[in-house]
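The exercises below are meant to be worked through with the model open on the screen. Each one sets a task and then solves it in steps.

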Amino acid sequence: MALLISNRGTRMLLQAVTIFFAGVLPLAAQGIPPNPTPVQANPSPLADTAALSREALVWLAQLIQINTTNPPGNEQAAAKYVAAVLEKEGITPEVLEVAPGRGAVVARLRSSAISDPSRALLLVAHMDVVGADRARWTVDPFGAVMKDGYMYGRGALDDKSMLAANLATIIALKRSNARLNRDVIFLATDDEEAGGEASIKTLIARNWDKFAAGFALNEGGEVISKGGKVQYVALQASEKVSVNVAVIAKGPAGHASVPTKDNAVVHLAAAVAKIGAYSAPAHFTTVVRRYFEGLASISDDEIAKWMRSLETTDRGEHAQRVLSEANPQWGSMMRDSIAPTMLSAGVRANVIPGEARAMLNIRLLPGDTIDVLLGALTKLVNDPQVRFEVQPNAGLAAPTSSLESDFYAVINKVASQEFGGAPVLPYQSPWATDSSQLRLHNVQAYGLWPFPVTDEDLKRMHGDDERLSVASFNKGVQVLLHIVSDFAVTK
Ligand SMILES: [Zn+2]
């Protein structure tokens, strides 16, 4: 990777990148065109998305091969690669060094000499990936291996596919000389997976003026496909808020040969057992209510019946239980969730420790507060030896993006057209994305991986053998370009 982070001119850099990858990866042998002919000067950005997708697939492969496992991230290498691809197209990128070895890339296509940030559209993707346990993969996680029509690799889905599709979109607009009615901004971020010092929070604090926008498209929502047909599109408009809370049990330390009832380990274990069996009361945000309404219309009768009963007085609680058991993600969408994730106590087998700790990862519904939930847990645990301690760096509740904005309407219309009339449902993700930080800055941010995926594909995200089918990737590139063209190009 040394070539990638050298300080030579960008043209030389790109040549070096090409030579480097040509050396390690027989792209053609894997079914990837090694040197696709760039699509030049099309009259419409949508004119030849097939050729564009072939180019984008090469960018995806090469991005997967740049190992950006976070920690440590090392996104600077990917940032230089992305910058080189943009520069080759005559788009001027800026690499923002966020921390040593870590950087973001920003680039802009202008609609006019004076930018209006409130109208601008931001395309966001992150360059870092979570770790991969090589022993559990059937292929090299950083090999960008093509197998059975799939591209395998860490980041094939999350989030390098989106990164490559965003690249394809801005490049298509540039090549076609599209007349824009708003600025289109490309942003490749770092440190999304760990959310640390190099994350979008820092980027916004230091460089907001470089990518301030009124609208954004990011990861976070999904195109759910089954048996080759798109079932529905979940368009993320809001997300839950992550808070870590320590459970701390105290008791007298002593010799293990003389046990007493106030053992901290025993009290902690009892508290964790109660918390594990607890279910916070369900309540429904507008987004979740509309999600279940839409999903009911395409679900089988039995499930649909319960979805329609969620807020009834007589059958509501039963419906909530049935659906939470049928799909744990649905359970998490309707209530604050609590997952015990870490335990620690003791230093020696024959010493009773004076303290025992557990960590809870809590995901609050937007609008809920940790104090109310901890009040309920304190009552539930009902043990003076046990207390709760909220950990620093809790997520911040962000406003929900509007379900009435022009951009929401465009995504809705295009996605439904492109996916054979499949319903587009507003979605509140149980997980957090960079979008919450954008929403806190008045951006109408929506989450959508535009690539049709099956439940089976989704299970591999952050897991083993992450992959994306080439057909899905191509479709996603086309859909993204269609959305952005509809929203930002003057007809
Ligand atoms: Zn991601």
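**Exercise 1. Place strand β7 among its neighbours.**

Find which residue of β7 is the bridge partner of Leu122, and then establish which strands β7 pairs with and in which sense.

Solution. The bridge partner of Leu122 in β7 is Ala216. Strands here are DSSP runs of E of at least two residues and helices are runs of H or I of at least four residues, both numbered from the N terminus, and two strands count as paired if DSSP finds at least two bridges between them. This is a predicted model, in which local features need pLDDT of at least 70 and side-chain atom pairs count only at pLDDT 80 or more, while totals for chains, interfaces and linings use all residues. Residues are numbered from 1 along each chain as its sequence is written, and side-chain values use heavy atoms, with hydrogens and water left out.

Next, count the bridges: β3 and β7 run parallel and are joined by 3 of them, whereas 4 bridges join β7 to strand β17 (residues 444-447), again in a parallel run. Within the second pairing, Asn218 has Gly447 of β17 as its bridge partner.

Finally, look at the two faces. In a regular strand the side chains alternate between the two faces of the sheet. In β7, Phe215 and Leu217 lie on one side and Ala216 and Asn218 on the other, and all of them are buried, where buried means under 20% relative accessible area, exposed over 50% and partly exposed in between, with a 1.4 Å probe and protein chains only.

**Exercise 2. Describe the zinc site.**

Identify the protein donors of the zinc ion and say how they are spaced along the chain.

Solution. Donors are N, O and S atoms within 2.8 Å of the metal (3.2 Å for Na, K and Ca), and since water is not among the atoms, sites may look incomplete. By this criterion the protein donors are His126 through NE2, Asp158 through OD and Glu219 through OE, at 1.9 to 2.1 Å from the zinc ion. Their spacing along the chain reads H-x31-D-x60-E.

His126 belongs to strand β3 (residues 121-126) and Glu219 to the loop between β7 (215-218) and β8 (222-226), so that this pair, 93 residues apart, links distant parts of the chain. His126 and Glu219 are both buried. By contrast, Gly131, which is found in the loop between β3 and β4, counts as partly exposed because its relative accessibility is 40%.

**Exercise 3. Follow strand β9.**

Determine how β9 pairs with β8 and with β16, and whether β9 is largely enclosed or open.

Solution. Start with β8, which pairs with β9 in the antiparallel sense over 5 bridges, Val223 standing opposite Val233 in β9. The two strands form a hairpin with 2 residues between them, and Gly227 in the turn has a positive phi of about 55°.

Then turn to strand β16 (residues 424-429), which pairs with β9 in the parallel sense over 6 bridges, with Ala234 opposite Leu425 in β16. Because 9 of the 11 residues of β9 are buried, the strand is largely enclosed by the rest of the structure.

**Exercise 4. Characterise the second largest cavity.**

State the volume of the second largest cavity and the make-up of its lining.

Solution. On a 1 Å grid over the protein atoms alone, a cavity is a set of points where a 1.4 Å probe fits but cannot get out, and lining residues have an atom within 4 Å of a point. Grid points are joined across faces, edges and corners, and the volume is the space filled by probe spheres set on the points. The structure holds 2 cavities of 30 Å³ or more, and the second largest has about 40 Å³ of space.

Its lining includes Ser238, Glu239, Pro366 and Arg439, and β9 (229-239) and α13 (435-439) each supply at least two of the lining residues. The lining divides into 6 nonpolar, 2 polar and 2 charged residues, with Ala, Val, Leu, Ile, Met, Phe, Trp, Tyr, Cys and Pro counted as nonpolar, Asp, Glu, Lys and Arg as charged, and the others, Gly among them, as polar.

Terms used
On a 1 Å grid over the protein atoms alone, a cavity is a set of points where a 1.4 Å probe fits but cannot get out, and a pocket is an open set with protein on both sides within 12 Å along at least five of seven lines; lining residues have an atom within 4 Å of a point.
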